[in-house]
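Let's take a walk through this one, from the overall arrangement down to some backbone details. Have the viewer open as you read.

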2 protein chains.
Amino acid sequence: MEKQIIIGAGLVGSLHAVYLAKRGVEVEVYERRPDMRNTTMSAGRSINLAISHRGLKALDRVGLKAKVLEMVIAMPGRMIHDVDGNTNFQPYGKEGQHINSVSRGGLNALLMTEAEKAGVKIHFNQRCVAMNMDAGEVTFKNDATGQISTVVADHIYGTDGAFSEVRHNLMMTERFDYSQTYLKHGYKELSIPPAADGGFRLAKGALHIWPRGGYMLIALPNLDSSFTVTLFLSFEGKHAFENLNTEKEVLAFFQEVFPDVLPHMPTLIDDWFANPTSSLVTVKCFPWRYKDKVLIFGDASHAIVPFYGQGMVSGFEDCYVFDQLADELWDDKEALFQQFEQSRKPDTDAIADLALRNFIEMRDSVADPTFLLRKKIEKAINTKHPQKWIPLYSMVVFSEMRYSEALARGKQQDSIMAEILSWEGIEENWEDEAVFARIERLCLA
Amino acid sequence: MEKQIIIGAGLVGSLHAVYLAKRGVEVEVYERRPDMRNTTMSAGRSINLAISHRGLKALDRVGLKAKVLEMVIAMPGRMIHDVDGNTNFQPYGKEGQHINSVSRGGLNALLMTEAEKAGVKIHFNQRCVAMNMDAGEVTFKNDATGQISTVVADHIYGTDGAFSEVRHNLMMTERFDYSQTYLKHGYKELSIPPAADGGFRLAKGALHIWPRGGYMLIALPNLDSSFTVTLFLSFEGKHAFENLNTEKEVLAFFQEVFPDVLPHMPTLIDDWFANPTSSLVTVKCFPWRYKDKVLIFGDASHAIVPFYGQGMVSGFEDCYVFDQLADELWDDKEALFQQFEQSRKPDTDAIADLALRNFIEMRDSVADPTFLLRKKIEKAINTKHPQKWIPLYSMVVFSEMRYSEALARGKQQDSIMAEILSWEGIEENWEDEAVFARIERLCLA
């Protein structure tokens, strides 16, 4: 029987293992780190994850959706906090639509366990140190014992993340396009503990945002009534990590720009100095495969910034799309790998761009009156014509539309809305019958 | 005395060595290959080089312009060959302006010798295998003897080309932006030997182009009356390298699309199967330095495609710009390196984009009537207003204007010309007084 191995037991690798195991083939997974289920999580580098429709769809195809939904907190909208402490709730979609806050570690552990239940063997402490791609040979080093071992497989899947070692081997091949692009911003994870009575200190059912133009703070709820908080801030400049080096500077900064949340962050200073300042990278590359031997998935082939909540979700969708193609092409791996990379690449490029755009929206536009007016108009058009005008956020987060199509339609919508918003008096009269009819004509043209 | 080392004795490294030596500092160069002056050149991977104003300016600053001009052949224009064998000469600029064909090997040898005359020691067969950038320590392996040696320097310049090992070390540092992007096209070097009487088989004073839309052949004259010929062709597709595998296929292809040159290429088949098919890459990255320890130059920091003849030239301009800044900042290397990368990066990004655009122009537009009409109109405007309207090609090739400014002005000119060329009857009436006055108003606005 042909042997498949997966390098990387993160979220995407573990889900892909479940998918492959359901096909009844031999699957082994090699993971660089120790088994996270037995060790304390390394804190401070894990942005809380939002899981939405595409991710749930991919879980559903292998029967795991219900189990995952037991461990999430629904977030039907954004709660915007201004500098005076005023809040404004903006629903993400229609009544009943929401994204879900989930613990990265909890979800990863569940998927590993499900993979094992399906018959997958996961080897831990196995760092990929060399590959002979033609031979399907991978050399691993056990970082705990120093032991070197070599594995031969028919097909190798690299799900080893943004700094993928498998991709590093693809990079040595001819004509491999590659880019890694860092944001000027970094992030630092902080926290809001539960209240004294054990409840949530902020509204539970929201993704909280403190948008401040060039930077922002966000908070996502956890099952234990705490929030995971993330500060996105430039490395250099006026308001920047480089200028926040002392307790006094950090407190003064929060006092000035996030005063309402400061009383809820009793561990701010401890968190600040304990947690690293991490960078944010977009990785694009092509091809994603070497012959029928090696294929990379998830962050390894398309790492994106976290601002659309689509990093893990797009990786899960990789598993889903691969599995659909595999129904037809399983016996011809070269065709399967090739069709997968061809069909998927435009969509992962699109979500990379969308994620970068959404950073501007989250940190800036959400507090802008024109943005809010546009949201209102779009909602009214969408209510009346639910199939013909779907706001971009909904196409990305609540639909299965290809990311590339969502991006293209989003750009069309931008230019239509730019025209409508330029009309004199639009903020006052958009609901007037004649004006709204004119808006409709333009939107449905 | 502080020690400077240069890794890579190619064109840019050798010129930079001359520049540094003229400052009276200790300079040593480490080169991976054997001394090219003692060995037969490895043929078939070296596109003939065109050297133009920026390159000559950089040579002039260290007194080498006259020597180099002795080894060039002036090319005042393009000679376009259509498929029926008709030719059309298009001057590159004004009377007296020309680019120069030069042998890469000959120029490189001259620069090495000049560096040595200035007191530089060049070590050959020294492949950089490891670096400790903080310590300024570089480990070299002599590929001939296997010997390993370690050198410590105060400042290290990486001029080791598009696949730079020095850059590979920079890539390991935090937040290093990097991209490598391959064209779908590759190239193969071919040749036209001298005629039986020892003369040139094609007109000597021109860069010959056989533009065929998706691909092209070019030829540059050599001092020995031969031409170096390069075919730029897609790797895959209908007219593509993948379909030219036999003698018969190659001959049929040339017979069909380049019939006029075939009789001048008696060694076509030998050249075809002896020479590799090489790929074309654009490399961009940032930063270009590590503290005041390491700085990369030329192709190592900005490899571009060859279609504007500005690859070597932009590297030479690096040396020139660095030296100008060094006049002020030599005693503060960190400030020098930083100002160099900051000031130079927008220009090397611009020439990378310009070089990609010029591929389209060379292989396609030069045979297009609208393109030719535009050239005529631009020439007329430029003749009347030589300071206010300079055609893009002239800004890039015959001026010292920053590449970034040339690109920006070129884009403005494109939109102005697109409007003018859209006027009804423009091909007939552009010289009419009223029409030309209208063109002038638009161009000088």
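What follows covers the two chains, a helix pair, a small sheet and a few backbone oddities.

Keep in mind that this is a predicted model. Start with the pair of chains. A turn of 180° with a shift of 0.0 Å along the axis lays chain B on chain A, and the RMSD of that fit is 0.0 Å. The two copies are thus related as by a two-fold rotation axis. The contact surface tells a matching story: 100% of the contact residues of chain B recur in chain A, so the same surface serves both copies. If you want a landmark for the axis, look for Ser179(B), whose C-alpha lies 2.0 Å away and comes closest among the residues of chain B.

Now stay in chain B and find two helices, H1 (residues 11-22) and H9 (residues 311-329). Their axes come within 9 Å and cross at roughly 20°. Angles under 35 degrees count as roughly parallel, and H1(B) and H9(B) are therefore roughly parallel to each other. As for handedness, the crossing of H1(B) and H9(B) is right-handed. Who does the touching? On the H1(B) side, the residues are Leu11(B), Val12(B), Leu15(B), His16(B), Tyr19(B) and Leu20(B), and they meet a set in H9(B) that includes Met312(B), Phe316(B), Tyr320(B) and Asp323(B). Sorted by character, the residues of this contact between H1(B) and H9(B) come out as ten nonpolar, two polar and one charged.

Next, the sheet. Three strands of chain B form an open sheet in the order E3-E7-E4, with antiparallel pairing. Strands E3 (49-51) and E4 (73-75) of chain B stand at the edges with a single partner strand each, so one side of each has no neighbour in the sheet. From one strand to the next, the twist averages 40°. Zoom in on E3(B) and E7(B), the latter spanning residues 99-102: they pair in the antiparallel sense over three bridges. Among the residues to check there is Leu49(B), whose bridge partner in E7(B) is Val102(B).

Finally, some backbone geometry. Most residues other than glycine have a negative phi, and most peptide bonds are trans. Against that background, the bond from Phe286(A) to Pro287(A) is cis, with omega near 0°. The bond from Phe286(B) to Pro287(B) is cis too, with omega near -5°. In chain A, Pro287(A) sits in the loop between strands E17 (278-286) and E18 (289-290). Ser225(A) has a positive phi of about 75° although it is not a glycine, and its place is the loop between strands E15 (216-221) and E16 (227-234) of chain A.

Conventions:
Residues numbered from 1 in each chain as written. Chains lettered and ligands numbered in written order. Predicted model: local features only at pLDDT ≥ 70, side-chain atom pairs only at ≥ 80, totals over all residues. Heavy atoms only, no water. Axes fitted to C-alpha atoms, helices over the stretch in contact; angles between N-to-C directions. Helix = DSSP H or I, 4+ residues; strand = E, 2+ residues; numbered from the N terminus. Parallel < 35°, antiparallel > 145°, perpendicular 65-115°, else oblique. Left-handed = near helix turned anticlockwise from the far one by under 90°. Contact = heavy atoms within 4.5 Å. Nonpolar A, V, L, I, M, F, W, Y, C, P; charged D, E, K, R; others polar. Least-squares fit on C-alpha atoms with pLDDT ≥ 70 in both. Pairing = 2+ DSSP bridges.
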